[in-house]
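Me: I'm a first-year student and I get lost in big models like this one. Please take a close look at how the side chains are packed inside, and then walk me onward from there.

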Amino acid sequence: MAGECVSESPKLGDMGEEDLWELINDNRHRISLGVRPGILIPYLRQVRVLTEMDEDEILSCHNLTNRSMRTSYMLDLLRTQARNGAVALLESLMIHYPTLYTQVTGCKPSTEPSRFSGLIKYSELTEYLVRAVTGMQKELQEARCEASRKSARCASLELEIREIMEVADKSNCLQSENERMQRHVCSLQHDVTKLKDEKCDLYMRYTAAIEEKSAVSMRLHELNLQIYQLQTELQKAQTENEFQKRRSLRCAYAAETPQLQEEVRNLRCQLVKAEKLNPARQDILAQDLAEAVDSQVELAEQLRCYREENEQLLREKQALLDQKECLSLQVQQLTLDCKMHQQKSTVIQNQMKELQAERDQAYLSRDEAQTMIARILAEKDTLRCQLVELQERVFSVQAKRSSSREQRQSCDGESEVDWESPTSSFEESSISPPKVPNRRRLCRMDAVNPISMLSSFNSECEDASSIRSRNVEPPSPESLRRRKKALYEDRSLEAVETEFLLDDFVFIPCVEGEDEHKPRLSSSNGSSIDGMSRTSVPPFLMRSRQKAIRVNGRVLSISLQGEALLGQLAVVGGNKTGVFVHQVTEGTAAHTVGISPGSQIVEVEYEQNQKALRMVLEDSTLEEAMWALGQVTGLCHLSLRPRQDDYEALLQQLQSSETSSGDSFYVRVNLSLPAGPNWTLSVCCNDILHVTNTRPAGTEDSWHASQVHPCQLLDLQGGSVPNYYRAQRLLIRAIEDMSFQTKKSPKVWRMVAPNKQKAVRIVGTRRQGRNPLWVSVENENTKSAESGDTSAPKSCLTLMPYSLVTPYFPPVCRPVLLLPTILGNILNKKIADWQGFQLCEPEVLSFSEHAARQQRSEILEECEQERSCCYTLQSVEKVMKKGIHCVLPLGLDCVRRLHRAEIFPIIIFIGQSARSARKLKSKLQRHSQSEDQLLACSRSEEPLLDKLPCLFHSVAPDSWCDQTSLLTNLRTIIWEEQKKIVWMEPEMW
């Protein structure tokens with residue numbers, strides 16, 4: 001059905017290798033998620049693009065922990081097979097995954113023989129299709145049986161779920177009834193409280209009225225007393241007035257004075273008696289008594305009313321108590337039911353814990369099995385190395401035999417090979433037609449010793465005869481015609497070999513038993529050193545790269561006898577300035593041919609074990625250049641470019657101590673190195689170092705480097721670090737120690753590992769077997785039509801202790817990507833509400849527009865709800881143009897596509913543990929997620945971060961206590977990361 005809605009695309013057979021692999025890489029995420037490698041491998045084995053060793057690594061390598069990683073690794077292996085790998089992959093998808101084939105290529109799947117590329121014979125194809133159909137029928141039958149079992153299991157589970165739902169409904173009903181009764185009790189208690197409050201208010205009002213009445217009566221009583229006193233004083237004043245009048249009338253009568261005095265005494269006595277028996281006062285007292293009796297009667301009436309109200313309230317209280325007892329009985333019944341359900345849930349949790357324990361035991365068994373497999377693979381690698389050593393010995397014996405045979409032939413007067421000029425091999429030979437020997441095709445390997453590579457082929461000149469005349473007379477026209485034809489054939493053959501060698505190079509580990517036969521090299525000042533001999537150095541990693549463009553200045557090619565070449569001349573410089581000749585020893589071959597200081601060494605060509613090698617030194621470091629020049633034995637050709645001004649500027653910088661050499665490049669450290677003696681720099685994994693000297697004075701296996709300021713290109717603390725190969729050995733030793741500790745105490749390691757700083761980062765050169773830090777070597781005489789060496793290993797992972805990085809300075813606000821994805825989906829909306837942040841919105845695309853953008857790799861991720869709704873590069877750029885941060889609700893798959901568009905997101909990984917996951921339990925439940933899902937997502941995405949070509953920030957699980965503190969930390973981290981330099985590694989695909 002999917003094929004019917006897709007228009008016919010051009011035939012895949014008309015597409016080139018790059019177009020096919022670009023089509024596959026654009027759909028790499030879809031293929032990695034939807035394909036099982038075990039289904040495609042039989043067909044890929046049938047068409048001979050994968051070997052048994054490749055199948056073993058894909059299916060049993062313990063580093064590939066899930067199906068997507070295995071599929072991705074299978075695509076990497078197929079990429080090395082060039083166009084055949086791409087065609088075989090698409091044909092296998094057409095057979096086993098027709099829908100995915102249609103989505104990737106846009107073509108309808110078909111099993112017609114004309115639709116296949118011819119990598120497999122028709123009879124073998126028919127046989128494979130029959131087997132594939134038979135296997136699919138068996139799988140369909142097994143799937144149907146499994147579906148029937150699953151349906152039966154689902155029916156039983158649905159029955160259990162219905163029973164559980166019924167019990168849950170009953171418990172919900174009881175719980176709702178309990179809540180209703182509790183609400184009723186609460187309302188009754190509220191009414192009782194309200195009545196009590198009203199009664200208390202009445203008592204207070206009554207008390208206040210009584211006090212007010214008492215105060216009024218007291219005031220009235222006081223006023224009456226004042227009136228009475230005033231009346232008494234008035235009467236007294238009147239009496240005294242009358243007495244004064246009488247006295248004034250009788251003053252003449254002195255004899256009457258005693259009588260008057262007696263009368264006054266009598267009057268005073270009468271006044272005292274009148275005051276005691278005043279009827280007004282008696283009336284007042286009687287009135288007060290009557291009022292007191294009336295108030296007492298009123299109080300008695302009110303007291304009787306209050307007693308009746310109290311009895312009514314007591315009766316209501318007794319009714320409420322009875323109702324409370326009934327409710328308590330119901331609560332007890334509900335409590336028993338809840339305890340029963342809790343016991344059931346406890347039993348279920350115990351069963352889950354037992355299942356988890358069994359799962360952990362299974363994981364341990366799986367880890368042990370994987371460890372055993374890894375040990376077996378290591379033993380196999382050891383046996384392979386022994387096999388390679390035996391082959392090298394055989395090749396060395398063959399080389400000795402060939403050399404002895406040449407000596408015998410030279411004694412008999414046969415011609416010899418002269419390398420004085422590119423055409424000298426033809427001038428001293430006989431006139432017999434050329435016999436081109438069968439040269440072995442260069443095999444793709446990851447570990448090949450240069451010595452065995454140089455000694456694995458026989459001499460080309462062993463059976464070749466020259467077509468040039470050795471007589472003093474001029475050659476005949478026939479001889480000239482044959483000479484011209486042979487020259488044309490030889491040049492065309494060399495051109496084909498050179499093009500093939502530009503793609504892949506070979507690399508083998510060094511052999512320990514040959515150290516005594518290797519010459520020792522000289523340093524830049526002419527001193528002898530042991531560490532740079534051809535066999536004492538670590539394995540030589542080769543990389544393929546295009547030839548340097550030589551446009552500035554002329555290049556001179558000089559031939560000389562290069563025995564102990566570093567003893568004849570000394571070099572200075574590095575990858576930044578170029579490698580220059582510094583000193584030339586007088587009397588040597590280099591001095592004789594006219595090599596002078598100030599010439600840049602562009603490349604060197606020499607012969608070793610009857611094979612011509614060319615090493616490009618135009619942008620190599622000083623260490624690489626000295627290693628390469630130390631390999632020269634015998635006749636060599638040096639390509640020199642005069643650059644006297646640059647050389648003098650370099651010498652001036654060296655004399656003024658501005659620089660210590662001409663090296664300057666930045667690397668990302670993939671392991672932690674502690675500080676040591678002799679100014680050894682302490683570095684941590686993922687640190688950025690600026691290497692300024694790869695051959696410091698007084699050291700053999702160290703570099704001089706400085707730590708880099710995170711926000712500016714400024715060198716901070718400097719010191720020495722191990723060079724590439726010594727660091728590689730330290731990395732392997734650290735991995736072995738970690739694996740031993742993990743095997744010895746896996747439980748303790750799981751507890752310690754999350755809190756421990758990252759020790760190593762596993763980065764490999766994959767099948768290319770290349771070290772991006774080392775010089776390229778081109779072998780000109782090891783190419784033939786067919787490859788006869790099948791004993792060398794086909795695939796091996798080469799660990800990289802340092803990775804080359806390039807600085808970038810983003811001009812605008814960088815997007816923000818939060819991981820794990822589950823936690824990021826919870827926090828994205830919170831962060832988008834901040835000022836200066838906005839959530840990336842998806843776009844709705846038509847089918848044709850969706851296909852066009854997907855072809856241009858502009859679609860970052862598709863929404864799960866609707867296929868036509870996608871997150872695109874344009875939506876991210878639209879937010880960034882506003883000068884604010886774009887919050888990406890996406891996964892890790894979008895990072896590489898953003899990097900291709902030169903958009904560098906801020907990647908923040910929030911580490912998770914069981915304790916930190918419990919802090920987010922409520923948030924996870926709102927988004928229909930669980931703690932186990934969050935932990936599983938964190939464990940699955942954390943290993944993928946090391947594969948990113950950029951740095952990321954990791955948040956420790958114990959650095960935050962709740963969501964608010966986590967968001968505060970994230971704001972600070974985003975602000976700090978925005979100011980930092982972005983360091984990018986080159987793509988290793």
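**Inside the core**

Reply: Start with Leu-50, Met-74 and Leu-93: among the 33 residues of the largest nonpolar core, these three touch the most other members. A nonpolar core here is a set of buried Ala, Val, Leu, Ile, Met, Phe, Trp, Tyr and Cys residues joined through side-chain atoms within 4.5 Å, and buried means under 20% relative accessible area, exposed over 50%, partly exposed in between (1.4 Å probe, protein chains only). Two or more residues of this core come from each of α1 (17-26), α3 (37-46), α5 (67-79), α6 (82-96), α7 (98-105) and α8 (122-250). The top contributor is α6, with eight residues.

Some ground rules: this is a predicted model, where local features need pLDDT of at least 70, side-chain atom pairs count only at pLDDT 80 or more, and totals for chains, interfaces and linings use all residues. Residues are numbered from 1 along each chain as its sequence is written, and side-chain values use heavy atoms, with hydrogens and water left out. As for the element names, helices (H or I, at least four residues) and strands (E, at least two) are DSSP runs, numbered from the N terminus.

Now zoom in on Leu-50. Skip its neighbours within four places in sequence, and Leu-50 is in contact (heavy atoms within 4.5 Å) with Ile-41, Leu-44, Arg-45, Ile-58, Met-74, Leu-77 and Leu-78. There's also a second, separate core of 28 residues, and Leu-860, Ile-884, Cys-894 and Phe-909 are among them.

Back to α7, one of the helices feeding the first core. Its Leu-100, Tyr-101, Thr-102, Val-104 and Thr-105 are buried, and the buried residues of α7 pack against α1, α2 (28-34) and α6. Right after α7 comes Gly-106, which has a positive phi, near 80°.

Leu-860, from the second core, falls within the strand β19 (859-862), so let's look at that sheet. It's an open one with three strands in the order β18-β20-β19, paired antiparallel; two strands pair if DSSP finds at least two bridges between them. β18 (843-844) and β19 are at the edges with a single partner strand each, so one side of each has no neighbour in the sheet. Between β19 and β20 (residues 869-872) there are three bridges, in the antiparallel sense, and Glu-862 has Cys-870 in β20 as its bridge partner. Helix α20 (residues 847-855) packs on the sheet, touching β18, β19 and β20, and its direction makes about 125° with that of β19. Helix α21 (residues 873-880) also packs there, touching β18, β19 and β20, at about 55° to the direction of β20. For those angles, axes are lines fitted to C-alpha atoms, for helices over the stretch in contact, and angles run from 0 to 180 degrees between N-to-C directions.

Last stop, the rings. The whole structure has eight aromatic pairs. One is Trp-834 with Phe-837, edge-to-face at 5.5 Å centre to centre and 80° between the planes. Rings of Phe, Tyr and Trp (its six-membered ring) pair if their centres lie within 6.5 Å; planes under 30 degrees apart count as stacked, over 60 as edge-to-face and the rest as tilted. Trp-834 is buried at 15% relative accessible area, and Phe-837 is buried at 12%. Arg-971 lies over the face of Trp-834, 4.1 Å from the ring centre; the test is NZ of Lys or CZ of Arg within 6 Å of the ring centre and within 35 degrees of the ring normal.
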